[in-house]
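Hi everyone, thanks for making time this morning. I'd like to walk you through one fold, from the overall picture down to single residues. Have a look at it first, and then we'll go through it together.

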Amino acid sequence: MVQPETRLQNQIRLAVSANCQDVTLYRNHTGALRDNRGKFVQFGLSPGSPDLVGYKKVCITEDMVGQDLAVFIGMEIKMPGEIARDDQQCWLNRLEEHGGIACVVHSETEAITYLS
């Protein structure tokens, strides 16, 4: 059975894809599993990393007129009324401090509005 937050993530990813042509988002699967030797192997970016990651094409002005760059996006998906954990918020804060787009969203509309 698909969890409610996973369903919301999928809905947001599809809505952003349909409404924000300059944005590309991917599901950031994180966790750990045992390999065939019984050792844990971690996958995903890191603990606290956002649910959806990707990039937004932006056109830089003045010194780089006309050049397009990709700005990294980290989007944490939460059900209505929920907030990001401390490690998640720390990850988003660091991303934003370094010029990335970082947000916590609770709906398709909120995600589209934030990225438009």
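Of the 116 residues in the protein, 31% are buried; buried means under 20% relative accessible area, exposed means over 50%, and partly exposed lies in between, with a 1.4 Å probe and protein chains only. Please keep in mind that this is a predicted model, where local features need pLDDT of at least 70, side-chain atom pairs count only at pLDDT 80 or more, and totals for chains, interfaces and linings use all residues. Residues are numbered from 1 along each chain as its sequence is written, and side-chain values use heavy atoms, with hydrogens and water left out.

The C-alpha atoms fill a box of roughly 55 × 30 × 25 Å along the principal axes. Inside that box we have three helices and six strands. These are DSSP runs numbered from the N terminus, with H or I over at least four residues for helices and E over at least two for strands. Starting at the N terminus, the order reads α-β-β-β-β-β-α-β-α. For contacts, I mean heavy atoms within 4.5 Å. Taking those between residues at least 6 apart in sequence, 55% join residues at least 24 apart.

Now the sheet. Which strands form it, and in what order? Four of them do, in an open sheet ordered β1-β4-β5-β6 with mixed pairing. Its edges are β1 (23-27) and β6 (101-105), each pairing on one side only. Two strands count as paired if DSSP finds at least two bridges between them. On average, neighbouring strands here are turned by 25 degrees against each other, direction ignored. In the middle of that order, β4 (residues 52-59) and β5 (residues 68-77) run antiparallel, joined by eight bridges. One bridge to look for has L52 partnered with M75 in β5.

Helix α1 (residues 4-19) packs on this sheet and touches β1, β4, β5 and β6, its direction making about 160 degrees with that of β1. For that angle, axes are lines fitted to C-alpha atoms, for helices over the stretch in contact, and angles run from 0 to 180 degrees between N-to-C directions. The end C-alpha atoms of α1 are 22 Å apart, in agreement with the 22 Å that its 16 residues should span at 1.5 Å a residue; the expected span is 1.5 Å times one less than the number of residues.

Which residues of α1 are buried? They are L8, Q9, I12, A15 and V16. Viewed down the axis of α1, they fall within an arc of 135 degrees, so they line one face of the helix. That arc is the one made by the directions from the helix axis to the C-beta atoms. Covering these buried residues are, among others, β1, β4, β5, β6 and α3 (108-115). Turned away from the buried side, the exposed residues are L14 and A18.

Helix α2 (residues 86-97) can be read in a similar style. Its 12 residues reach 16 Å from first C-alpha to last, close to the 16 Å expected at 1.5 Å a residue. Q88, L92 and L95 are buried in α2, and since they fall within an arc of 60 degrees seen down its axis, they line one face. Their cover includes β5 and β6, while D86 and E97 are exposed on the other side of α2. Just after the helix, G99 takes a positive phi of about 95 degrees.

There is also a hairpin to show you. Strand β2 (residues 31-34) pairs with β3 (residues 40-43) in the antiparallel sense over four bridges. A32 has Q42 as its bridge partner in β3, and R34 stands opposite F40. Five residues lie between the two strands, and in this hairpin G38 takes a positive phi near 90 degrees.

Last topic, the cysteines. How many disulfides does the structure hold? Zero, where a disulfide is a pair of cysteine sulfur atoms within 2.5 Å. Why is C90 not bonded to C103? The sulfur of C103 is the closest cysteine sulfur to that of C90, but at 16 Å it is too far for a bond. As for C103, its nearest cysteine sulfur is that of C20, 11 Å away. C90 counts as partly exposed because its relative accessibility is 46%, whereas C103, at 6%, counts as buried.

That's my tour, and I'm happy to go back to any part of it.
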